[in-house]
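Biologist: Could you take one part of this chain and go through it slowly, residue by residue, before placing it in the whole? I would like a connected account rather than a list.

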Amino acid sequence: MEDYHLPICMACYAVRVEPARRYLKRPTCAGCGETEARAVRHTIAPLNKSNYMLLSREELKQLNPKRTT
Ligand SMILES: [Zn+2]
């Protein structure tokens with residue numbers, strides 16, 4: 001067991017985060033991470049990928065008039 005050096009969850013301060021989550025800007029345990037992902041929509045999270053995908057390449061072109069291709 002080497003989890004003693006893992007950061008503590010920044011949301012509940014009760015448990016240490018999972019090793020996979022320790023390098024997040026705001027490391028949280030799995031439970032809190034899920035809760036926050038639902039509550040805070042504007043953070044940079046994998047969830048935003050779907051929003052990103054909604055912006056198609058055609059739309060991106062329109063947003064950037066200098067680009068000709
Ligand atoms: Zn937590």
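Modeller: Tyr23 lies in the segment before α1, and in this predicted model that segment is the part I will follow. Tyr23 counts as exposed because there are 9 other C-beta atoms within 10 Å of its own, where 12 or fewer is the limit for that class. Along the chain Tyr23 and Pro7 are 16 residues apart, yet their C-alpha atoms are separated by 8.9 Å.

A similar kind of pairing can be described for Arg26, which is also found in the segment before α1. The C-alpha atoms of Arg26 and Cys9 are 8.1 Å apart in space, with their positions 17 residues apart in sequence. Arg26 is classed as partly exposed, since 14 other C-beta atoms lie within 10 Å, a count that falls between the limit of 12 or fewer for exposed residues and that of 20 or more for buried ones.

Glu18 belongs to the segment before α1 as well, and here there are contacts to report in addition to a distance. Once neighbours within four places in sequence are left aside, Glu18 is in contact with Cys29 and Ala30, and Ala30 is where helix α1, covering residues 30-39, begins. The C-alpha atoms of Glu18 and Thr28 are separated by 8.1 Å, although the two residues are 10 apart along the chain. With 15 C-beta neighbours inside 10 Å, Glu18 counts as partly exposed.

Pro19, likewise in the segment before α1, is exposed, because its C-beta neighbours inside 10 Å number 10. Its C-alpha atom is 9.7 Å from that of Cys29, a residue 10 places away in sequence, and Cys29 is one of the contacts of Glu18.

Tyr13, also found in the segment before α1, deserves a remark about its backbone: its phi is positive, at about 50°, although Tyr13 is not a glycine. Tyr13 is exposed, since 9 other C-beta atoms lie within 10 Å of its own.

As for the whole, the protein chain has 3 helices and 0 strands, and from the N terminus on its elements run α-α-α. Of its 69 residues, 9% are buried. Among contacts between residues at least 6 apart in sequence, 3% join residues at least 24 apart.

Confidence should be read alongside these geometric details. The mean pLDDT of the protein chain is 75, and 54% of its residues reach 70 or more. Among the elements, helix α1 has the highest mean pLDDT, at 86, whereas helix α2, which covers residues 48-54, has the lowest, at 53.

Terms used: Residues numbered from 1 in each chain as written. Predicted model: local features only at pLDDT ≥ 70, side-chain atom pairs only at ≥ 80, totals over all residues. pLDDT = per-residue confidence, 0-100. Helix = DSSP H or I, 4+ residues; strand = E, 2+ residues; numbered from the N terminus. Contact = placed C-beta atoms within 7 Å.
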